[in-house]
Amino acid sequence: MKYKLSILDQSPISSGSNAHEALKQTAILAGRAEQWGYTRFWVSEHHDAAALAGSSPEVLMAHLATVTDTIRIGSGGVMLPHYSPYKVAENFKVLEAVFPGRIDAGMGRAPAGMPRATYALNNGKYQNKDQFPNQIDELLMYLNDSLPADHLYEGLKAAPITEGAPPVWILGTSEGSARLAAEKGLPYMFAQFINSEGGKDAAKHYRDQFQPSLYNSIPRQGVAVFCICAETEEEADRVASSLDLLLIMQQQGMPVDGTPSPEQAAAYAYSQLEWELVQLNRERMVVGTPDSVSRQLAQLADKFQAEEIMLASITYDFRDKLKSYELIAKNLIEGSK
C-alpha cells in the first residue's frame with residue numbers, strides 16, 4: 001500500500017543536555033525533513049516532563065514554520081480538555097494567517113502529564129475529558145466561522161479572519177478516539193508509539209463508521225510509530241537501546257533527567273520482568289536497516305490501511321536521529337519518485 005511519511009518530534013532532552021539544545025535540534029530537524037521530502041512535521045505537548053522540552057506546540061509551531069518554507073507544520077497534539085476551544089482556535093487562526101495552507105491542528109484528550117500538572121492547568125479543578133467531543137465541535141465552529149444562530153455566543157468571531165482554516169485531526173490510542181473521528185468526519189492518527197494494542201480494530205472501526213463531513217468526504221487515516229533506522233541491525237539496536245531504557249525508567253517511575261546513552265543502557269542490569277517489558281515496548285517501534293524498516297512500515301501501512309505513517313524518534317545522539325530519518329527518506333521517499 002502506498003503511503004506518505006511524516007515526522008512527530010517530542011523535543012527530547014538527552015541526559016546531560018538541556019531544553020535549549022533540544023528545541024534547537026527540533027528546528028534543525030524540521031528543516032532537514034523539508035529537504036528530505038517528508039509530508040508534515042508535528043510537535044507534541046508534554047507537561048512537567050524533565051526529558052521532553054515540548055510543552056507548548058502552538059508557540060513552537062510558529063518558530064518551525066518560520067525556519068521552513070513548504071512542509072506542513074502541526075500539533076501532535078494540543079490536549080484540548082485543558083483549554084478553551086475559542087482560545088485554541090485563535091492560536092491556530094493566527095498561525096494560519098501567517099502561514100496560510102501549511103498548518104495542521106492535531107487534537108487529543110490525554111492529560112500529557114502527571115496529575116499535578118493536570119490540576120495546575122485546570123486551576124486546581126478536575127479535568128472532565130468527557131467534554132472533548134463537544135470541544136471539538138466548538139473548535140470546528142470557531143475555526144470555520146460557523147456558529148449557529150442559537151449558539152450562546154452567536155456572532156462571535158475567532159480572530160483573525162482567514163480565508164482558510166487549519167484541518168483538525170483527532171489523535172488517539174483507542175477505539176473511542178477512532179469512533180469520535182469517524183462521527184465528526186475528521187482525519188485520524190492512531191498513536192501506535194503509545195499503545196501497541198487495539199490499533200487494527202480502531203483503524204477498521206474508523207474506516208467502517210466514517211461519516212462524510214464538510215471537512216472530509218472520505219476517511220483519512222494515519223499511524224504514528226517509534227522508528228530508528230541505521231546502516232546495520234546491530235547499530236540500529238544500539239541506538240534504540242537508549243529508548244528501551246528510557247521507557248523502562250518512565251514505566252517504573254524512576255527519576256529521569258533525559259534520554260540515557262547507549263553506554264548507560266548497555267551497563268544497566270535488566271531484571272527478567274524489565275527485559276520482558278523491553279520486548280513488549282519494541283512492539284511500538286520499528287527498528288532496523290533501511291530495507292528492514294521499509295518492510296516493517298509497509299506491513300504497518302497494510303495493517304492499518306493507512307495513507308500516512310508518522311515517525312517518532314528518540315535517540316541520545318542527535319546525529320543518530322538525523323541519520324535515521326535521512327536513511328528512511330533516501331530509501332522510501334526518494335526511491336518512490
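The exercises below, each with a worked solution, concern a predicted model.

**Exercise 1. Overall dimensions**

Compare the radius of gyration of the chain with the value for a compact globule of 337 residues.

Solution. Start with the expected value: for 337 residues, a compact globule would have a radius of gyration near 20 Å. The chain has 20 Å, so the two agree. Next take the extents: along its principal axes, the C-alpha trace spans about 65 × 50 × 40 Å. Then turn to burial, where 53% of the 337 residues count as buried. Last come the contacts: of those with a separation of 6 or more, 74% are between residues 24 or more positions apart. The secondary structure of this chain comes to 12 helices and 10 strands.

**Exercise 2. The neighbours of strand β1**

Determine which strands are joined to β1 by bridges, and in which direction they run.

Solution. Strand β1 covers residues 4–9. On the β2 side, three bridges join β1 to β2, and the two strands run parallel. One residue pair on this side is L8 of β1 with its bridge partner W42 in β2. On the β10 side, five bridges join β1 to β10 (residues 308–312), again with the strands parallel. Here I7 stands opposite L311 in β10. As for burial, β1 is mostly covered, with five of its six residues buried.

**Exercise 3. Strand β2 and its crossovers**

Work out how β2 is connected to β1 and β3, and give the handedness of each β-α-β unit.

Solution. Begin with the path into β2: β1, helix α1 (residues 19–36) and β2 make a β-α-β unit, and this unit is right-handed. Continue with the path out of β2: β2, helix α2 (residues 57–66) and β3 make another β-α-β unit, also right-handed. Strands β2 and β3 (residues 72–75) run parallel and are joined by four bridges. Within that pairing, F41 has I73 in β3 as its bridge partner. Finally, check the two faces of β2 (residues 40–43): R40 and W42 lie on one side, F41 and V43 on the other, and all four are buried. Both faces of the strand are therefore covered.

**Exercise 4. A glycine between two helices**

Is G258 buried or exposed, and which residues does G258 contact beyond its neighbours in sequence?

Solution. First locate the residue: G258 lies in the loop between α8 (233–251) and α9 (262–267). Its relative accessibility is 4%; this is under 20%, so G258 counts as buried. Now list the contacts, leaving aside neighbours within four places in sequence: I13, S14, S15, A51 and L246. For S14, the C-alpha atom is separated from that of G258 by 4.6 Å, although the two residues are 244 apart along the chain.

**Exercise 5. A serine in helix α8**

What does the side chain of S242 reach, and at what distance?

Solution. S242 is found in helix α8. At 0% relative accessibility, this serine counts as buried. Its side chain reaches the backbone oxygen of P260 at 2.8 Å. The pair lies within 3.5 Å, the limit for a polar contact. Not counting residues up to four places away in sequence, S242 touches T259, P260, S261, P262, A265 and Y316.

**Exercise 6. Aromatic pairs**

Classify the ring pairs Y206 with F210 and Y268 with Y270, and state the burial of each residue.

Solution. A pair of aromatic rings is described by the distance of the centres and the angle of the planes. The cut-offs are centres within 6.5 Å for a pair and planes over 60 degrees apart for edge-to-face. By this rule the count is nine aromatic pairs. For Y206 and F210, the centres are 5.7 Å apart and the planes are at 75 degrees, so the pair is edge-to-face. Y206 is buried at 0% relative accessibility, and F210 is buried at 9%. For Y268 and Y270, the centres are 4.8 Å apart and the planes are at 75 degrees, so this pair is edge-to-face as well. Y268 is partly exposed, with a relative accessible area of 26%, and Y270 is partly exposed at 23%. To finish, Y206 and F210 form one aromatic cluster together with Y188.

Key: Residues are numbered from 1 along each chain as its sequence is written. This is a predicted model: local features need pLDDT of at least 70, side-chain atom pairs count only at pLDDT 80 or more; totals for chains, interfaces and linings use all residues. Side-chain values use heavy atoms; hydrogens and water are left out. Buried means under 20% relative accessible area, exposed over 50%, partly exposed in between (1.4 Å probe, protein chains only). Contact means heavy atoms within 4.5 Å. Rings of Phe, Tyr and Trp (its six-membered ring) pair if their centres lie within 6.5 Å; planes under 30 degrees apart count as stacked, over 60 as edge-to-face and the rest as tilted. A polar contact is a pair of N or O atoms within 3.5 Å; within protein, one must be able to donate a hydrogen and the other to accept it, and residues adjacent in sequence count only if both atoms are side-chain atoms. Two strands pair if DSSP finds at least two bridges between them. A crossover is right-handed if, with the strands pointing away from the viewer, the path from the first strand over the helix to the second runs clockwise. The radius of gyration is taken over C-alpha atoms; the globule rule is 2.2 Å times the number of residues to the power 0.38.
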